[in-house]
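Got the viewer open? Here's a short walk through the model, stop by stop, with something to select at each one.

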Amino acid sequence: MNVSQSGQFLAFNPGIKPADGGLPGLDVLKDVISSINLFGIIAVVGALAVSALVWAWGHHSGGHQAEANGKKGTVVAAGCALLLGAANGIVSFFSAMGTQVN
C-alpha cells in the first residue's frame with residue numbers, strides 16, 4: 001500500500017497492458033468468437049425476415065397486436081445487427097478511452 005507524506009493513500013498502478021499473443025490458443029479463441037458473431041448475424045437476418053412478415057401480415061389482416069409486435073421485432077433485429085457489426089469498433093473505442101484514464 002502506498003502512502004504519501006500527507007498520509008493519503010495513493011492508488012497502486014500494476015502496469016498491466018493487453019499483449020497480443022500472450023496466451024496459447026488465442027488464435028483459436030478469435031476464430032470461435034468470429035464464428036459466434038457470424039452465427040448471430042445469420043440469426044438476426046432470420047429474425048428480421050420473420051418480424052417483417054409478421055408486421056406485414058398484421059397490417060394487412062387488421063391485427064394491430066401482430067403489427068406492433070412485428071414492428072418491435074424489426075427494430076430489435078436491426079439494433080442487434082448494428083451492435084454485432086460494430087462490436088469490434090465499440091470495444092476498440094472504449095478500450096482506447098480506457099487507456100486515457102489516469
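## Stop one: the pocket

Start with the largest pocket, which has a volume of about 430 Å³. Two elements each give two or more residues to its lining: helix 1 and helix 3 (87-99). Bear in mind as you click around that this is a predicted model.

To paint the walls, select Leu26, Leu29, Lys30, Ile33, Ser34, Ile36, Asn37, Leu84, Ala87, Asn88 and Val91, which line the largest pocket. Which element gives the most to that lining? Helix 1 does, with seven residues.

## Stop two: a greasy stretch of surface

Keep Leu29, Ile33 and Ile36 selected from the pocket lining, and add Val28 and Val32. Together these five make a nonpolar surface patch of about 460 Å². So Leu29, Ile33 and Ile36 turn up in the patch and also among the residues lining the largest pocket.

Now zoom in on Leu29, which sits in helix 1. Is Leu29 buried, partly exposed or exposed? Its relative accessible area is 49%, so Leu29 is partly exposed; the exposed class needs over 50%.

## Stop three: along helix 1 to Val50

Stay on helix 1, which covers residues 26-61, and pick out Val50. Val50 has 52% relative accessibility, so it counts as exposed. The cut-off for that label is over 50%.

Next, draw a distance between the C-alpha atoms of Val50 and Thr74. You should get 8.5 Å, for two residues that are 24 apart along the chain.

## Stop four: the salt bridge

How many salt bridges does the structure hold? Just one. To find it, show the side chains of Glu67 and Lys71, which meet at 3.9 Å, N to O. Glu67 lies in helix 2, residues 64-85. Why is the pair about one helical turn apart? Because Glu67 and Lys71 are four residues apart in helix 2.

Switch to a surface view and look at the two partners in turn. Glu67 has a relative accessible area of 15%, so it is buried; the limit for that is under 20%. Lys71, at 37%, is partly exposed.

## Last stop: around Glu67

Stay on Glu67 and bring up its surroundings. What does Glu67 touch once its neighbours within four places in sequence are set aside? The contacts are Trp55, Gly58 and His59. Show those three alongside Lys71, and you have the salt-bridge partner of Glu67 together with its contacts from further off in sequence.

Key
Residues numbered from 1 in each chain as written. Predicted model: local features only at pLDDT ≥ 70, side-chain atom pairs only at ≥ 80, totals over all residues. Heavy atoms only, no water. Contact = heavy atoms within 4.5 Å. Buried < 20%, exposed > 50% of the residue type's maximum accessible area, 1.4 Å probe, protein only. Patch = residues over 30% accessible without salt bridge, like charges linked within 9 Å, V, L, I, M, F, W, Y side chains within 5 Å. Areas by Shrake-Rupley, 256 points an atom, 1.4 Å probe, with all protein chains shown as cover. Salt bridge = Lys/Arg side-chain N within 4 Å of Asp/Glu carboxyl O. 1 Å grid on protein atoms, 1.4 Å probe; cavity = no way out; pocket = protein on both sides within 12 Å on 5 of 7 lines; lining within 4 Å. Points joined across faces, edges and corners; volume = space filled by probe spheres on them.
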